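Q: Please take a close look at a single part of this model. Start with one residue, then move on to the links around it.

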Amino acid sequence: MQISMIPAVMLIILSGSCIQSALGFGATMITMGFLPLLMEYSRAMGLSIIMVSISTLWISVKYRKSIRWGVMLPFLIPTALICALVNILSAKVSSNIMYLLLGIMFVAVSIYFFLFSNRISIRPTPASGTALGVICGIFYGLFASGGPTAALYLLPAVDNKEEYLATIQAFLCVNNLVVLAISLVLGRLDVADIPVICAGAAAQIVGMFLGLVIHEKIPAEIFGRVIYAFVGIGGAWIIVSHLL
């Protein structure tokens, strides 16, 4: 990777980390929306997932006593299994096709959050956890992004904001580590990427703490609508640019 790309990569990672800390998820939606513009899709996924792993691991450890493992496991197990399978199979798919599918997924998520997020409530049962886990695993395996589906399942299942943050970060952390291990085995990252990984880690840490400050200053629901409007526009741009 060219050294000249590092400032742009750092800005993308900082923005994603900031959103992740403010909303509980969303980092990979930003990093995977822009990093593939600078590098091959598979390498962008590897870099994105190692960056997000830093913040999810840190928050999971910090709030470890609030993690609701019993609620999470029926959802986590199918997600991790499907994620690993899909991630390995997706290595054979064209980067252009993957990026186009990513744009479609961004638009779909944006529409969902604007129209349906306050109208749909999923009961956290083993059956619903397994069904949503399969869907989440497909999203995670293809795009390294499963936060919206995880929020849909976990939010009504926990008692307070701290339990939600702890549980969803632990869920994301486990799946991030699964994708990261596969990415390393498949060679999506190598020794030449160490400088950008170090620079990205610094940006990740800054963005994480900046996001926590923003979370305290701005109502999360307003901030979320702005972010997902941006995600939807970005997804539409990806689709149009590829079709043209």
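A: First, a term. A helix here is a DSSP run of H or I, at least four residues long, and helices are numbered from the N terminus. The model is predicted.

Now the residue. T167 sits in helix α8, which covers residues 161-185. Is T167 buried or exposed? T167 is buried. Its relative accessible area is 0%, and buried means under 20%. Which residues does T167 touch, leaving out those up to four places away in sequence? They are S66, I67, R68, M72, L154 and V158.

One of these contacts, R68, leads on to a salt bridge. The side chains of R68 and E163 meet in that bridge, at 3.0 Å from N to O. E163 lies in helix α8, while R68 lies in the loop between α3 and α4 (69-89), so the pair ties together parts that are 95 residues apart in sequence. How accessible are the two partners? E163 counts as buried, at 15% relative accessibility. R68 is partly exposed, with a relative accessible area of 25%.

How many salt bridges does the structure hold? There are two. Besides the pair of E163 and R68, D193 forms a salt bridge with R43. Their closest N and O atoms are 2.3 Å apart. D193 lies in the loop between α8 and α9 (194-217), and R43 lies in helix α3 (residues 41-62), so this pair ties together parts that are 150 residues apart in sequence. D193 is buried, with a relative accessible area of 2%.

Notes. Residues numbered from 1 in each chain as written. Predicted model: local features only at pLDDT ≥ 70, side-chain atom pairs only at ≥ 80, totals over all residues. Heavy atoms only, no water. Helix = DSSP H or I, 4+ residues; strand = E, 2+ residues; numbered from the N terminus. Buried < 20%, exposed > 50% of the residue type's maximum accessible area, 1.4 Å probe, protein only. Contact = heavy atoms within 4.5 Å. Salt bridge = Lys/Arg side-chain N within 4 Å of Asp/Glu carboxyl O.
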